[in-house]
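Here are my notes on the model you passed along, set out point by point. Please read them beside the coordinates.

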Amino acid sequence: MPVQGNTIDFDSARVKLGHSSTQQRRNGKPAATFQNTQRNLMQNLQTSLELDRVLQVFFSALQDLLLIDSLEYRHTSVTTPLLFGQPGLHRCSYRMSHAGNYLGELQLSRQTRFAEDELLSIEGLLATLMFPLRNALLYREALACALNDTLTGAGNRLALNQNLERDIRSSKRSGQPLSLMVLDVDHFKSVNDRYGHAYGDEALKAMVDCVTATLRNVDCLYRLGGEEFVVLLNNTDAEACHLVAERIRQSIEELQFQIDGQPLPMTASLGHATLRSQDDARSLLDRADQRMYQAKRNGRNQVIGTE
């Protein structure tokens, strides 16, 4: 499929905005239409700091002005590309930056080829998008800092409290199962005592990466503190949760983590529970926590669950 690409930074986008309006006048295009779109975008893009909403507003404006069929956005902070509309045959893409800061990659598509004056219009309107997009990314980063554990990147206790309450309400409303597991790394204090906290931190990060690799994109991992973590599994019953927990346990046991070239074996004990009608967040978490401690008492490196 034909793809036209470009790199846009904020200053060049502002220049493109002026060139676009001038070019439209030269070609007999309705410059007032472009200017109205640009003016409305400037207003509408200020109404939200949510990345999805900012891109949706921008896409809608391009749909009206240039009959764009789809917009796809990629950024390192976005796990899955954001896609609006249905991709067409012809595409144009832009790598966006401002003051050396990467703002992501935008790809637009439609069924008909893009004319040169249309590309100028798109590049001009990117100037309108730049500041709202940058602000949305900063807001997203601030939220991530507030809700993520700074060491491991897993969600923190605040994020767990918010999401667990939300998911319990959703599960009870929809009737879909909700399961939760508590994971504790075995004998982790001895790692810190023997090798120091710096190596212990690296081991924890390696373990989190290992666990994350076994989960679906919709599953969430949270750090309660120390070496204790929680995995929240939506639409997952007790049997499926037990299978996931066993997969996690095995992956940690097989993790090839080394300190100064020497392998450091790691194992974990896991307990899990599935939501009951009378459960609240505290009771569900307590049941899984009790099963985790039971796994510890039974010899560690095992999974114990309950419905």
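**Notes on the predicted model**

1. I begin with helix 3, where the buried residues are Leu51, Val54, Leu55, Val57, Phe58, Phe59, Ala61, Leu62 and Leu66. As this is a predicted model, each of the remarks below concerns computed coordinates.

2. Helix 3 covers residues 51-66, and its 16 residues reach 22 Å from the first C-alpha to the last, which is close to the 22 Å expected at 1.5 Å a residue. Just after this helix, Leu67 takes a positive phi of about 60°, a backbone value that you may wish to look at in the display.

3. Turning to the sheet, five strands form an open arrangement in the order 7-8-6-11-12, with mixed pairing. Strand 7 (220-225) and strand 12 (303-306) are the edge strands, each of them pairing on one side only. On average, and with direction ignored, neighbouring strands of this sheet are turned by 20° against each other.

4. Within that sheet, strand 6 (residues 178-185) pairs with strand 8 (residues 228-234) in the antiparallel sense, over seven bridges; Leu183, for instance, has Phe229 in strand 8 as its bridge partner. Helix 5 (residues 157-174) packs on the sheet and touches strand 6, strand 7 and strand 8, while its direction makes about 130° with that of strand 7.

5. A further helix, helix 8 (residues 238-253), lies across strand 6, strand 8, strand 11 (268-274) and strand 12, and it runs at about 170° to strand 11.

6. On the cysteines, a search of the whole structure finds zero disulfides. Cys220 counts as partly exposed because its relative accessibility is 27%, whereas Cys241, at 0% relative accessibility, counts as buried.

7. What are the surroundings of Glu105, a residue that lies in strand 5 (residues 101-110)? Leaving aside residues up to four places away in sequence, Glu105 touches Glu72, Tyr73, Arg74, Tyr94 and Arg95. The side chain of Glu105 is also joined to that of Tyr102 by a polar contact of 3.4 Å. Ser93, which is 12 residues apart from Glu105 in sequence, is 7.1 Å apart from it in space, C-alpha to C-alpha.

8. Is Glu105 buried, partly exposed or exposed? Its relative accessibility is 37%, so Glu105 counts as partly exposed, given that buried means under 20% and exposed over 50%.

Notes: Residues numbered from 1 in each chain as written. Predicted model: local features only at pLDDT ≥ 70, side-chain atom pairs only at ≥ 80, totals over all residues. Heavy atoms only, no water. Pairing = 2+ DSSP bridges. Helix = DSSP H or I, 4+ residues; strand = E, 2+ residues; numbered from the N terminus. Axes fitted to C-alpha atoms, helices over the stretch in contact; angles between N-to-C directions. Contact = heavy atoms within 4.5 Å. Expected span 1.5 Å × (residues − 1). Buried < 20%, exposed > 50% of the residue type's maximum accessible area, 1.4 Å probe, protein only. Disulfide = S-S within 2.5 Å. Polar contact = N/O pair within 3.5 Å; in protein donor to acceptor, adjacent residues only side chain to side chain.
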